[in-house]
Amino acid sequence: MTYARRSRKHIFKKITILYGMVNKLHKKQVISPDDVKLTPKPEKRAETDSSHDRRYFQPQERCALIEAAKSAKSPRLYPTIIVSLNTGVRPQSLFSLIWSDVDWNSAFSKLVQAAGLDPKITWYNMRHDFASQLLMAGVSLYTVKELMCHKNITTTQVYAHLAPDLKTAAVKLLEKL
């Protein structure tokens, strides 16, 4: 993450805290709305993800991506692919690492091509794959929420369709009692 991005994120967080404090003081009638006039709050940057490209990898796609990463020209691409697939890290967080000799986007595009995968695949798909694989393996939605660092369970619920049998399995646990 560049210094400017960190500053913007840091400033946005501080402004949010300030707005919260002023609103609380207004509600408790410690100050009137005329006492403190705040500038309009800046817009928060949206995630780069969108529902139209949300997907997980088929087992053969995961293997192809990993194998292509092993033989990629950039020696740092393989570890970052493995980290993404096994942690669900947000691409912004991973890309904020400063490795001046890595051209992330073109290296990943070449890797996807070398793996023979759909050229529409994005780095963010590895994050979706992480959540999807966990749910299909029977991990609870709440645990996936925590691992994905989602603030709200509704964000994680977009993956719930991948584990329709979890309710049945949960009720069957009662048979053992």
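Among contacts in the chain between residues at least 6 apart in sequence, what percentage join residues at least 24 apart? The figure is 64%. Keep in mind that this is a predicted model. The chain has 9 helices and 0 strands, so the pattern along the sequence reads α-α-α-α-α-α-α-α-α. Of its 177 residues, 29% are buried.

**H2 against H3**

- Helix H2 covers residues 59-70, and helix H3 covers residues 77-87.
- The two pack with their axes 8 Å apart, at an angle of about 155 degrees.
- Angles over 145 degrees count as roughly antiparallel, and H2 and H3 are therefore roughly antiparallel to each other.
- On the H2 side, the contact is made by Arg62, Leu65, Ile66, Ala69 and Lys70.
- H3 answers with Tyr78, Ile81, Ile82, Leu85 and Asn86.
- By class, that contact splits into 7 nonpolar, 1 polar and 2 charged residues.

**The buried face of H3**

- Which residues of H3 are buried? They are Leu77, Thr80, Ile81, Ser84 and Leu85.
- Looking down the H3 axis, these buried residues sit within an arc of 130 degrees, so they line one face of the helix.
- The spacing fits a general rule: an α-helix has 3.6 residues a turn, so residues three or four places apart point the same way.
- Just past the end of H3 comes Gly88, with a positive phi of about 70 degrees.

**H3 against H6**

- H3 also packs on H6, with the axes 6 Å apart and an angle of about 40 degrees.
- That angle makes H3 oblique to H6.
- From H3, the residues involved are Ile81, Ser84, Leu85, Asn86 and Thr87.
- Their partners in H6 are Met126, Asp129 and Phe130.
- Sorted by class, the contact of H3 with H6 has 4 nonpolar, 3 polar and 1 charged residues.
- Ile81, Leu85 and Asn86 are worth finding on screen: they appear in the contact with H2 and again in the contact with H6.

**Arg62, a buried arginine**

- Is Arg62, in helix H2, buried or exposed? Its relative accessibility is 18%, so Arg62 counts as buried; the cut-off for buried is under 20%.
- Leaving out residues up to four places away in sequence, Arg62 touches Phe57, Leu85, Asn86, Asp129 and Gln133.
- Two of those partners, Leu85 and Asn86, belong to the H3 side of the contact between H2 and H3.
- Another, Asp129, is one of the H6 residues that meet H3.

**H6 against H7**

- Helix H6 runs over residues 124-136 and helix H7 over residues 141-148.
- Their axes come within 10 Å and cross at roughly 155 degrees.
- H6 and H7 are therefore roughly antiparallel to each other.
- H6 passes H7 in a right-handed crossing.
- Arg127, Phe130, Ala131, Leu134 and Leu135 are the H6 residues here, and they meet Leu141, Val144, Leu147 and Met148 in H7.
- What classes do these residues fall into? The contact of H6 with H7 has 8 nonpolar residues, no polar ones and 1 charged.
- Phe130 turns up twice, meeting H7 in this contact and H3 in the one described above.

**Met136, in H6**

- Met136 lies in helix H6 and is partly exposed, with a relative accessible area of 37%.
- Setting aside neighbours within four places in sequence, Met136 is in contact with Tyr56 and Leu162.
- Met136 and Leu162 are 26 residues apart in sequence, yet their C-alpha atoms are 5.8 Å apart in space.

**Two more spots to look at**

- Cys149 sits in the loop between H7 and helix H8 (153-156).
- The phi of Cys149 is near 60 degrees, a positive value in a residue other than glycine.
- With 52% relative accessibility, Cys149 counts as exposed.
- Val22 lies in helix H1 (residues 3-27) and counts as buried, at 9% relative accessibility.
- Between the C-alpha atoms of Val22 and Asp35 there are 9.9 Å, and the two are 13 residues apart along the chain.

Key:
Residues numbered from 1 in each chain as written. Predicted model: local features only at pLDDT ≥ 70, side-chain atom pairs only at ≥ 80, totals over all residues. Heavy atoms only, no water. Axes fitted to C-alpha atoms, helices over the stretch in contact; angles between N-to-C directions. Helix = DSSP H or I, 4+ residues; strand = E, 2+ residues; numbered from the N terminus. Parallel < 35°, antiparallel > 145°, perpendicular 65-115°, else oblique. Left-handed = near helix turned anticlockwise from the far one by under 90°. Contact = heavy atoms within 4.5 Å. Nonpolar A, V, L, I, M, F, W, Y, C, P; charged D, E, K, R; others polar. Buried < 20%, exposed > 50% of the residue type's maximum accessible area, 1.4 Å probe, protein only. Arc of directions from axis to C-beta.
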